[in-house]
Amino acid sequence: MPSLIDLHIHSKFSDGQFDIKQLVELSRANGVGLISITDHDDIRSSLELKNNSDIKETEYVNGVELSSFIKLNNRIIRLHILGYGYDEENEELQNKLLGKRNLRTHVNKEYLFKLMHEFPYLSNELLEKVQCDKYIRLSRLIEKYLNNEILSNDQLNDVKKYLDSNRPIYPNYEFEALESLQIIRNANGYSVLAHPYQYRLNVNEEIALLKLLKENGLVGLEKYHSGDTSSGMILQEMMCDKFNLEWTLGSDFHEDHDDYGNQIGYGKNNNLCKSSCSLIKTLRRNGKVLKK
């Protein structure tokens, strides 16, 4: 049986549970021979894959998932734009993502200071233990820390109520979608619209969106995603044909080995299980599939 591929995986560098080496091992265990780790607004996974001498005999494509938005028919739609095969040394890409990381760090630290002021019984270690640069809901990181603290049930519940009703705000965090396309293109990468079904657009709205993105450099569409339905995937196949887009697939794997029924390479209920896709063929021709 040919090796499977999975072009949408997350690591500890953003909101995943596992480090890069662990993800490579999990992929191998599932018969996945080619991966792309597409962390949110972070390309450190590409650098890790390139430079970690303990990772061997692995095929991969540089990946990233950019938080984006676009205005369509007078409303804002929040999108995720995947980037593949980019030059990980590209200064513009590095600087843009460093800016997002610095923003996350600043906002999260300010939030922790306010939290500790609100609840003086919280330890100062909170500032040291919670990793403020992560792309992940800050409340998850705080609650993980609090579970190891000696607090009364009332104290713990009070903090959790505060976390639920007072979430950090990251001003101007997302890239405008056309800027995301430009950033990826400037880094000699290939842009793909991630999980289109998640945006809850009707057919005409998706057509209008893809027309605009295609005109501005969109290369591909994530046709197969672990969370989509069979009918949804058929719709995305039609969209790929209509707009002459490359197609990709990905589990969007995050955690717990099977991620609530979602597995690297397999997706949910084996709804992925592909050994290639049109974008991979293009990336291979252009020397973008890398091997350790």
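In this predicted model, strand β3 (residues 59–60) and strand β12 pair in the antiparallel sense, and two bridges connect them. Within this pairing, Tyr60 of the chain stands opposite Leu290 in β12. The two strands belong to an open sheet of four strands, whose order is β1-β2-β3-β12 and whose pairing is mixed. The edges of this sheet are formed by β1 and by β12 (290–291), each of which pairs on one side only. In general, the strands of a sheet pair through backbone hydrogen bonds, either parallel or antiparallel.

At the β1 edge of the four-stranded sheet, β1 and strand β2 (residues 32–37) pair in the parallel sense over four bridges, and Val32 in β2 is the bridge partner of Leu4. The connection between these strands involves helix α1 (residues 20–29), which together with β1 and β2 makes a right-handed β-α-β unit. Although β1 is an edge strand, six of the six residues of β1 (residues 4–9) are buried, so that this strand is largely enclosed by the rest of the structure.

The loop between α2 (44–51) and β3 contains Glu57. Most residues other than glycine have a negative phi. The phi of Glu57, by contrast, is positive, with a value near 50 degrees. Glu57 counts as exposed, because its relative accessibility is 68% and the exposed class comprises values over 50%.

A positive phi is also found at Cys273, where the angle is about 50 degrees although the residue is not a glycine. Cys273 is located in the loop between β11 (267–268) and α10 (278–285), and with a relative accessibility of 28% it counts as partly exposed. Cys132, in turn, is buried, since its relative accessible area is 6% and the limit for burial is under 20%. As for disulfides, the count comes to zero when the sulfur atoms of a pair are required to lie within 2.5 Å. Cys273 accordingly is in no disulfide, and the nearest cysteine sulfur, which belongs to Cys277, is 14 Å away.

A further open sheet is formed by six strands, arranged in the order β6-β4-β5-β7-β8-β9, and its pairing is likewise mixed. The edge strands of this sheet are β6 (175–176) and β9 (246–250), each of them pairing on one side only. Inside the sheet, strand β5 (residues 75–84) and strand β7 (residues 190–193) pair in the antiparallel sense, with four bridges between them. One of the residues involved is Leu82, whose bridge partner in β7 is Val192.

Among the helices, the packing of helix α3 (residues 91–118) and helix α6 (residues 153–165) may be described through their axes, which come within 11 Å and cross at roughly 140 degrees. This angle makes α3 oblique to α6, because only angles over 145 degrees would count as roughly antiparallel. The crossing in which α3 passes α6 is right-handed.

Notes:
Residues numbered from 1 in each chain as written. Predicted model: local features only at pLDDT ≥ 70, side-chain atom pairs only at ≥ 80, totals over all residues. Heavy atoms only, no water. Buried < 20%, exposed > 50% of the residue type's maximum accessible area, 1.4 Å probe, protein only. Pairing = 2+ DSSP bridges. Right-handed = clockwise from strand over helix to strand, strands pointing away. Axes fitted to C-alpha atoms, helices over the stretch in contact; angles between N-to-C directions. Parallel < 35°, antiparallel > 145°, perpendicular 65-115°, else oblique. Left-handed = near helix turned anticlockwise from the far one by under 90°.
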